[in-house]
Amino acid sequence: MKHYHFESKPVAHADAIVSGPHHRFTVLTDRLIRYEWSYDGKFEDRASTFAINREFPVPKFQVVDRPDELEIINDHFHLSYDKKRFSASGLLCSFSAKVTLWGAQWRFGAQPSHGRQENLGGTARTLDEVDGRCDMGNGVLSRFGYAALDDTKSMLFDGQGFVAGRRPGDRIDGYLFCHGHDYKGAIRDFYAVSGKQPLLPRWALGNWWSRYYKYRQDEYIGLMDQFKSKEVPLSVAVVDMDWHMVDDPRVPHAGWTGYTWDKKLFPDPATFGREIHSRNLKITLNDHPHSGIHSHEDSYEDMAKFLSHDTSQKNPILFDPTTPKFMEAYLGILHRSIEKIACDFWWIDWQQGSHTKVPGIDPLWLLNHFHFLDNALDGKRPLIFSRYAGPGSHRYPVGFSGDTVTTWASLEFQPEFTATASNIGYGWWSHDIGGHFHGKRDDELVTRWVQFGVFSPIMRLHSSNSRWTSKEPWLYREESEHVIETFMRLRHRMIPYLYTCNVRASTQDEPLMQPMYWLFPERGEAYQVPNQYFFGSELMVAPIVKPRDRRTNLACVKAWLPPMHRHVDIFTGTVYDGNRELNMYRPLHEIPVLAHEGSIIPLDANRTPGNGGLNPEHFEVLVVIGRDGQTSVLEDPADDYNSDQAKKEALPQTAGERTSQIQWNQAKGELTAHITHGRTWSFRFLAVTETPKDLKVTVDGQDRTGDTGVSVSKFPDTPSMLVHVPSPQASPAPRPDTYTITVSLSGERGGGDPQLSVLDHKPRIEKLLLDYQTEFDVKDKIWSIVDDRDSAINVKMGKLMSLGIDESLTGPVAELILSDVRGMHL
């Protein structure tokens with residue numbers, strides 16, 4: 001299987017190694033050490049599932065070698081070893097980073113003292129039937145400043161295109177991350193050793209449709225058309241296991257494994273594939289490979305011939321991923337024949353454990369590794385859909401988290417679970433959004449789950465085959481239907497932002513979702529909001545994971561706004577001061593999604609974008625003034641609307657990305673955009689509610705203010721100013737690839753330093769109170785306080801608190817009154 005070779009540099013530089021008869025230490029970076037012990041003095045230089053690269057420039061360190069002790073010392077760590085088999089008393093490491101009051105020290109194999117949980121967690125193989133929390137294992141980040149990763153039992157790559165188990169006997173192979181609270185530094189070293197996250201194809205960032213259900217061919221196509229008729233975009237059509245024969249009498253097993261189309265359901269699979277592709281959708285088929293290939297399968301004879309398998313008794317070909325020849329046939333014959341008909345990538349639904357006939361070789365690792373490499377053989381950006389197998393699994397996106405229980409407890413855990421996975425480099429989880437099974441009908445729960453799904457790495461609706469659980473938005477009450485459809489459209493509108501984040505994740509070691517403590521490791525509040533996370537570099541999300549209060553129709557989430565000056569909610573336009581904790585209240589159609597000053601977020605301006613997530617023809621860029629900011633809008637030209645489909649499929653998507661650069665200069669009050677031709681651009685300045693008198697717009701230096709469209713929105717719309725910039729004027733001269741737009745809020749006089757508007761929240765509060773299902777006199781008392789323009793803010797808040805009524809009623813009012821210190825007098 002030499003054509004399944006992948007790049008790795010597993011052999012470390014000799015000068016980075018300190019070794020003895022039974023021990024070997026490798027100083028990989030200035031804060032990452034590999035430690036090995038071997039009973040026979042043989043050590044491992046092959047790539048493992050975690051560590052594929054160990055060849056790095058040799059960092060500075062010193063060695064003190066005495067007969068009974070070895071020390072390795074540099075500016076960040078001091079390792080001490082007694083030259084015996086590793087133990088808590090004989091192998092220890094101290095650190096220069098001052099991250100605890102008592103000083104941090106790692107001892108091999110020792111458990112945290114006093115019940116403290118030092119490690120910040122990683123992720124889990126599956127959420128199958130998890131109702132609430134589960135153990136997330138360990139990542140490479142720790143509040144104590146160090147983290148150990150045990151690689152002793154992981155599978156190896158043999159360097160010849162296949163895999164191997166570990167040598168037998170007493171051996172230890174581990175990695176010690178000594179990064180203190182430099183969490184991003186730890187992740188950079190993790191990716192350096194374990195490989196970077198691959199770049200996902202753009203279409204993977206759109207909405208996926210999935211359901212465990214016996215669809216008929218025409219029924220599935222009709223469902224895709226129904227989504228289109230309701231202007232709800234999709235990008236991936238998932239077909240669960242019933243695409244193949246399951247209940248047919250010829251199937252001699254439970255039916256979960258299959259490789260022959262069920263012609264009763266899909267009478268013409270090739271036509272099905274063409275019809276789905278013509279709607280600009282990709283197809284993934286479910287595969288449970290554990291039962292092997294039986295004699296009824298279409299590819300049985302071809303497989304048998306290739307493998308020299310005796311067919312006289314029609315015995316099945318057993319699933320044996322440890323044999324290279326079987327894997328060649330499994331991929332090149334069995335799966336390729338189906339891919340040619342109607343499959344763009346595979347949903348590998350392995351649930352049968354981690355054992356094979358070769359100790360140490362996990363079938364899930366084999367399936368993920370070879371399916372991913374196989375999907376790239378034709379030059380396209382590869383993708384699979386499978387479970388997490390352990391550290392290093394980030395190289396094989398996308399992750400399938402398993403069958404989710406439909407409860408609020410499941411939803412409440414998923415944001416934390418997804419963000420925490422970044423601590424082990426795993427950035428592309430896909431969940432059963434809305435829940436798979438069990439639980440009960442709860443339209444509010446499904447709606448909140450979809451909102452989280454839209455602001456998660458992969459947005460995939462899913463459900464069981466129950467007639468009551470399917471996730472078509474129009475099956476829910478009108479309120480939920482409208483919100484679900486609106487958020488699904490928003491997901492596709494966000495693809496310009498998501499794709500740029502996707503490139504950054506692959507090239508700059510920045511996973512899309514990051515826990516708050518990544519950026520603020522010294523702030524205790526950052527660890528107290530595990531469900532809140534950064535979503536790319538510009539957005540911060542606090543999903544709603546609990547039901548609404550029936551009196552106010554509002555749900556509450558505790559949030560922490562970090563010290564990034566002011567933040568603006570992209571849905572409400574509300575301006576919030578940073579550096580504080582607060583409760584945020586939202587109706588069903590909103591969740592807190594905040595952009596800090598200086599944020600620039602590119603969107604598709606089309607309110608009803610089409611299938612497939614193609615590059616927009618018209619951009620709408622959200623801008624939050626107040627601080628300098630800049631961003632790039634990255635695109636693959638193969639994803640343009642006008643690209644020929646056949647040309648797209650044939651074009652290797654490995655060339656450089658097309659780039660537009662957008663910058664906001666706060667001192668000048670000016671936005672500058674160096675952008676590519678062929679599209680139109682609009683800029684929405686959030687929380688700017690008056691058109692500046694000196695507004696000036698230029699295109700390639702020409703004043704175009706007169707034919708620029710400018711409009712201002714106020715509550716109940718999102719408070720903002722929209723500037724629609726005209727296209728460049730035609731010119732007979734050859735045009736360059738890019739042109740330049742400037743939008744100056746200060747005009748030629750250049751007053752500079754424009755600020756976010758101070759919003760009057762009385763109209764919003766009045767609408768909230770109008771909807772309250774409570775006594776009229778309670779509303780009157782609250783309104784009298786809101787309407788009081790003379791009292792100081794401390795007096796108003798004192799009055800509000802002294803009413804003695806439920807915080808659920810006063811909290812939403814207090815949130816708005818206290819949102820922006822500049823507006824507290826209103």
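In the predicted model, the count of cavities of 30 Å³ or more comes to 9. The second largest cavity holds about 110 Å³ of space. Its lining includes Glu36, Trp37 and Ser38, together with Lys42, Phe43 and Glu44. Further lining residues of this cavity are Thr152, Arg166, Arg167, Arg171, Ile172 and Asp173. Two elements, β3 (32-38) and β12 (171-177), each give two or more residues to the lining of the second largest cavity. By residue class, the lining of this cavity divides into 7 charged, 3 nonpolar and 2 polar residues.

Among the open sites, the second largest pocket has a volume of about 1,200 Å³. A total of 43 residues line this pocket. Those nearest the centre of the pocket are Phe571, His589, Glu590, Pro716 and Thr718. Both helices and strands contribute to the lining: two or more residues come from each of the helices α9 (478-493), α12 (762-771) and α15 (807-817), and likewise from each of the strands β27 (580-586), β30 (618-623) and β34 (680-686). The largest share, 8 residues, is supplied by α9. In terms of domains, the lining of the second largest pocket takes at least three residues from domain 3 (598-643 + 655-759) and at least three from domain 4 (760-818). The lining residues of this pocket comprise 19 nonpolar, 14 charged and 10 polar.

An annotated region was also examined. The unreviewed UniProt entry places the feature "domain: Glycosyl hydrolase family 31 C-terminal" at residues 510-601. In the model, the span 510-601 is 39% strand and 0% helix. The C-alpha atoms at the two ends of residues 510-601 lie 17 Å apart. Phe571, His589 and Glu590, which are among the residues nearest the centre of the second largest pocket, have numbers that fall within the annotated span 510-601. Strand β27 (580-586), one of the elements that give two or more residues to the lining of that pocket, also falls within these bounds.

Strand pairing was considered for β4 and β5. Strand β4 (residues 62-66) and strand β5 (residues 69-73) run antiparallel and are joined by 5 bridges. The connection from β4 to β5 is a hairpin through 2 residues. Within this pair, Val64 stands opposite Glu71 of β5. In a regular strand, side chains alternate between the two faces of the sheet.

Note on methods: Residues numbered from 1 in each chain as written. Predicted model: local features only at pLDDT ≥ 70, side-chain atom pairs only at ≥ 80, totals over all residues. Heavy atoms only, no water. UniProt positions renumbered as here; feature names shortened; annotations may be inferred. Helix = DSSP H or I, 4+ residues; strand = E, 2+ residues; numbered from the N terminus. 1 Å grid on protein atoms, 1.4 Å probe; cavity = no way out; pocket = protein on both sides within 12 Å on 5 of 7 lines; lining within 4 Å. Points joined across faces, edges and corners; volume = space filled by probe spheres on them. Nonpolar A, V, L, I, M, F, W, Y, C, P; charged D, E, K, R; others polar. Domains from an automatic or database assignment. Pairing = 2+ DSSP bridges.
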